[in-house]
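Colleague: Hi, have you got a minute to go through this one with me? I'd like to walk through it piece by piece.

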Amino acid sequence: MGSVMRYLLWILRFALFVLVLAFAVKNTDPVTVHYYFGGEWQSPLIFVLLIASCAGIALGLAAGLGQIFKQRREIAALNRKLRNAAPRETGAAVAAAKPK
């Protein structure tokens with residue numbers, strides 16, 4: 001069953017690659033990007049779209065990094081708390097198990 005899924009995944013990847021390639025071939029017309037203060041940049045449309053997509057992905061990842069680091073600090077603090085609490089609980093369990 002695993003090999004069937006692997007082949008299906010490769011077929012899906014190939015289909016996505018063909019779609020993206022066809023989109024790139026169809027969008028090679030030059031476009032002009034106008035900046036502030038009269039600045040301009042001319043490039044093929046697919047290149048402009050690629051840069052805009054990469055910039056969006058980078059900004060999205062950067063926006064999520066703060067939350068990821070906060071969660072990692074929380075997890076580390078909880079792990080320290082758990083490690084510090086474990087010896088006390090073991091000592092109490094041993095004391096309770098001793099015959100009187």
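Colleague: Let's start in a loop: is asparagine 27 buried or exposed?

Modeller: Asparagine 27 is buried, because its relative accessible area is 17% and buried means under 20%, exposed over 50% and partly exposed in between, with a 1.4 Å probe and protein chains only. Before we go on, this is a predicted model: local features need pLDDT of at least 70, side-chain atom pairs count only at pLDDT 80 or more, and totals for chains, interfaces and linings use all residues. Residues are numbered from 1 along each chain as its sequence is written, and side-chain values use heavy atoms, with hydrogens and water left out.

Colleague: Thanks! Where is the place of asparagine 27?

Modeller: Asparagine 27 sits in the loop between α1 (2–26) and β1 (30–34). Helices (H or I, at least four residues) and strands (E, at least two) are DSSP runs, numbered from the N terminus.

Colleague: And which residues does asparagine 27 touch?

Modeller: Leu45 and Ile46, leaving aside residues up to four places away in sequence. A contact here means heavy atoms within 4.5 Å.

Colleague: Switching to the strands, how many bridges join β1 to β2?

Modeller: There are 5 bridges, and β1 and β2 (residues 40–44) run antiparallel. Two strands pair if DSSP finds at least two bridges between them. Proline 30 stands opposite proline 44 in β2.

Colleague: What's in the turn of that hairpin?

Modeller: The hairpin of β1 and β2 has 5 residues between the strands, and phenylalanine 37 in the turn has a positive phi of about 60°.

Colleague: Now aromatics: how many aromatic pairs does the structure hold?

Modeller: It holds 1 aromatic pair. The ring centres of tryptophan 41 and phenylalanine 47 are 5.9 Å apart with planes at 65°, so the pair is edge-to-face. Rings of Phe, Tyr and Trp (its six-membered ring) pair if their centres lie within 6.5 Å; planes under 30 degrees apart count as stacked, over 60 as edge-to-face and the rest as tilted.

Colleague: What are the relative accessible areas of tryptophan 41 and phenylalanine 47?

Modeller: Tryptophan 41 has 27% and is partly exposed; phenylalanine 47 has 39% and is partly exposed too.

Colleague: Last one, what's the overall pattern of the chain?

Modeller: Along the sequence, the protein chain reads α-β-β-α, with 2 helices and 2 strands. Of its 100 residues, 3% count as buried.
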